[in-house]
Amino acid sequence: MKDLSMLRSIHDSLEPKLVTLFKRQGYSRSDFIADSIAGLAVAIVALPLAMAIAIASNLPPERGLFTAIVAGFLISAHGGSRYQIGGPTAAFIVTVATVAMKHGYEGLVLATIMAGIILMIMAFVRAGELIKFIPYPVIVGFTSGIALLIAFSQIRDFFGLSITTVPPDFIDKLYVYLAHLGETNVIAVILALSSIGIIVLAKQHIPRIPGPIIVVTLSALAVWALNLPVETIESRFGSIPSMLPTPVWPQITFDKLRLLLPDAITIATLAAIESLLSAVVADGMTGTRHKSNAELLGQGIANVASGVFGGLPATGAIARTATNIKAGARTPVAGIMHAVWLFIFMLLLAPLIIKVPLAALAAILMVVAWNMSEIKHIREIMHAPRTDRIVLIVTFLLTVLVDLNFAIQAGIALASILFIDQMMKATHIRAVESEENDPDSIQHKIIPQDVEVYEIQGPLFFGVAEKLIDTLALFEKPSKVFILRMRYVPLIDAAGLHALEVLHQRLHEKNTSLILSGVNAQVRKFIEKSHIDEHIGKENIVDHIDKALIRAGIILKT
């Protein structure tokens with residue numbers, strides 16, 4: 001019965017939000033109309049972004065469209081958010097460009113499929129809730145670092161520089177840009193700056209019309225009508241297909257899997273964080289609740305399919321999800337329709353899409369990078385405790401100067417170490433002090449001679465275990481009984497258990513008996529499982545100070 005209940009719980013946590021909504025409220029014609037209109041609005045925003053993200057990743061623009069169509073459809077169909085819009089996002093640009101450069105496009109496809117499988121495994125082990133434990137300064141640090149790298153990657157097209165290959169590393173890019181700065185195309189710069197101006201003004205004065213679609217339309221018309229000497233999608237990439245490609249499974253070998261595993265983990269981690277953050281933002285805007293594990297499962301399915309269909313890594317897109325909500329979406333069908341609309345655009349508008357100038361797409365991504373930069377949150381953290389500032393700065397610098405994979409690992413590790421340091425400082429081991437408002441205070445008790453009473457306040461874990469053992473150094477002359485009050489010890493780990501055992505041994509060598517007082521049920525369970533209670537004596541482990549003092553009196557009489 002218990003196993004059946006567990007299976008039902010797992011099934012419910014993985015059931016797509018689309019299915020859950022259809023079961024609960026059905027689906028009407030008016031819902032479909034509202035979702036179709038919202039999907040069209042999102043598709044108009046997604047069209048230039050999908051191409052721009054692919055180009056910024058040093059890949060053909062159609063790769064971005066394939067991703068937005070295939071992954072966008074599957075994320076909405078199988079995901080755990082009511083309003084989530086999935087597809088390629090700017091956060092992946094640096095990782096995608098680096099993996100493609102190191103391992104080729106086929107390597108990127110395999111890494112994307114592997115990431116999808118990792119995401120599905122995360123869903124089945126219910127890791128959706130664990131993402132929230134990634135420290136906030138780490139998220140802000142690598143997000144702002146990615147924003148800088150995105151903006152920096154667009155300098156070539158923004159300034160119209162004639163650079164064939166741009167290196168992936170930040171410093172190497174800087175040297176290449178400085179070497180070619182004299183080749184700046186003034187027309188491209190004017191076009192890019194005008195595009196940014198149009199996006200900003202459109203947001204202020206006509207917010208219902210997406211700025212990026214205005215930019216790509218007007219810039220393409222300007223290049224065509226005035227014959228402007230700037231690079232376009234057509235001049236760099238030629239034509240783009242008007243149909244989805246035939247699905248192809250990449251060649252798989254053990255060596256490839258081993259080589260690509262770190263990149264796959266990076267893609268999966270970033271996809272999980274980005275999608276769940278987007279789902280949380282959607283919940284905040286609408287008052288709904290997403291299903292985190294179902295969302296991870298949907299992301300996993302979508303990334304496997306995206307790789308098979310010649311796309312890029314995909315995740316939830318915060319800006320497009322917000323657009324979906326503002327456009328009046330009601331169910332995940334809106335996300336499905338956004339993918340359908342994009343397919344129709346690709347089918348009918350491919351000959352026109354290739355006329356878009358790359359400077360305009362670079363400007364769109366510059367605005368995306370600015371919106372990702374987390375300036376407001378960086379300012380907030382800079383007023384936070386020193387440890388948070390250190391984690392933010394280190395994660396940001398590692399993201400920019402090393403790589404995202406290492407930055408996430410190092411940021412989490414550093415945050416963990418600093419947190420442990422704070423916990424160590426918060427845990428006190430000291431002689432019991434009198435507290436007038438505490439009915440169990442030593443002030444209200446009679447402490448026999450030859451009895452020492454000390455108290456631990458806080459978790460007894462590896463960070464403070466040595467501190468407990470060092471407590472013995474405070475005694476000039478050992479007492480006959482040492483009472484250790486543990487009423488404020490909520491948890492204990494293996495190092496803490498070992499410290500208790502060592503404490504008992506050293507006290508025993510001095511002919512001093514150890515009594516543990518105020519031990520809660522959870523801590524006592526671990527003490528018994530480790531058989532330490534057999535050494536200390538079961539009768540010397542009690543749940544209240546009064547019992548500990550009675551036991552001390554018995555020991556003193558023997």
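Which residues is H504 in contact with, leaving aside its neighbours within four places in sequence? Point 6 takes this up, after the overall picture.

1. Overall build. The model is predicted. The chain has 558 residues, and 53% of them are buried. Its secondary structure comes to 24 helices and six strands. The C-alpha trace spans about 105 × 60 × 50 Å along its principal axes. Among contacts in the chain with a separation of 6 or more, 82% are between residues 24 or more positions apart.

2. Nonpolar cores. The largest nonpolar core holds 109 residues, and the members that touch the most others are F142, I233 and L361. Helix α5, residues 93-124, supplies the largest share of this core with 15 residues. Apart from it there is another core of 27 residues, which includes I469, F482, V502 and I541. Returning to L361, its contacts beyond four places in sequence are P48, A52, I55, V216, I233 and V356. I233 is thus a partner of L361, and both are among the three members with the most core neighbours.

3. Cavities. Two cavities of 30 Å³ or more are counted. The largest has a volume of about 190 Å³. It is lined by 17 residues, of which A56, N58, A97, S153 and K173 are the closest to its centre. Two or more lining residues come from each of α3 (29-56), α5, α6 (136-153) and α7 (155-158). Helix α5 gives the largest share of the lining, five residues, as helix α5 also does for the largest core. By type, the lining of the largest cavity divides into 10 nonpolar, four polar and three charged residues.

4. Helix α8. This helix covers residues 170-180, and its buried residues are F170, K173 and Y177. Seen down the axis of α8, these buried residues fall within an arc of 55 degrees, so they line one face of the helix. The general reason is that an α-helix has 3.6 residues a turn, so residues three or four places apart point the same way. The face turned away from the buried side of α8 carries the exposed residues Y175, L178 and A179. The cover over the buried residues of α8 includes α6, α7 and α18 (386-401). K173 therefore appears twice in this note: as one of the buried residues on that single face of α8, and as one of the residues closest to the centre of the largest cavity.

5. S373. This residue sits in the loop between α16 (358-372) and α17 (375-381). Where does its relative accessible area place S373, buried or exposed? At 11%, S373 is buried, because the cut-off for buried is under 20% relative accessible area. Not counting residues up to four places away in sequence, S373 touches S144, A147 and I378.

6. H504. To answer the opening question, H504 is in contact with L514, H535 and I536, leaving aside neighbours within four places in sequence. H504 belongs to helix α21, residues 494-509. With 15% relative accessibility, H504 counts as buried. I532 is 28 residues from H504 in sequence, and their C-alpha atoms are 9.3 Å apart in space.

7. K547. Helix α24, residues 545-557, contains K547. What is the C-alpha separation of K547 and S517? The two are 30 residues apart along the chain, and their C-alpha atoms are separated by 7.9 Å. K547 is partly exposed, with a relative accessible area of 44%.

8. Backbone exceptions. Most residues other than glycine have a negative phi. Two residues deserve a look on this count. N227, which is not a glycine, has a positive phi of about 55 degrees. N227 lies in the loop between α10 (211-226) and α11 (233-237). N227 counts as exposed, at 64% relative accessibility. D450 is likewise not a glycine and has a positive phi of about 70 degrees. D450 is placed in the loop between β3 (428-431) and β4 (451-457). With a relative accessible area of 34%, D450 is partly exposed.

Note on methods. Residues numbered from 1 in each chain as written. Predicted model: local features only at pLDDT ≥ 70, side-chain atom pairs only at ≥ 80, totals over all residues. Heavy atoms only, no water. Core = buried A, V, L, I, M, F, W, Y, C linked by side-chain atoms within 4.5 Å. Buried < 20%, exposed > 50% of the residue type's maximum accessible area, 1.4 Å probe, protein only. Helix = DSSP H or I, 4+ residues; strand = E, 2+ residues; numbered from the N terminus. Contact = heavy atoms within 4.5 Å. 1 Å grid on protein atoms, 1.4 Å probe; cavity = no way out; pocket = protein on both sides within 12 Å on 5 of 7 lines; lining within 4 Å. Points joined across faces, edges and corners; volume = space filled by probe spheres on them. Nonpolar A, V, L, I, M, F, W, Y, C, P; charged D, E, K, R; others polar. Arc of directions from axis to C-beta.
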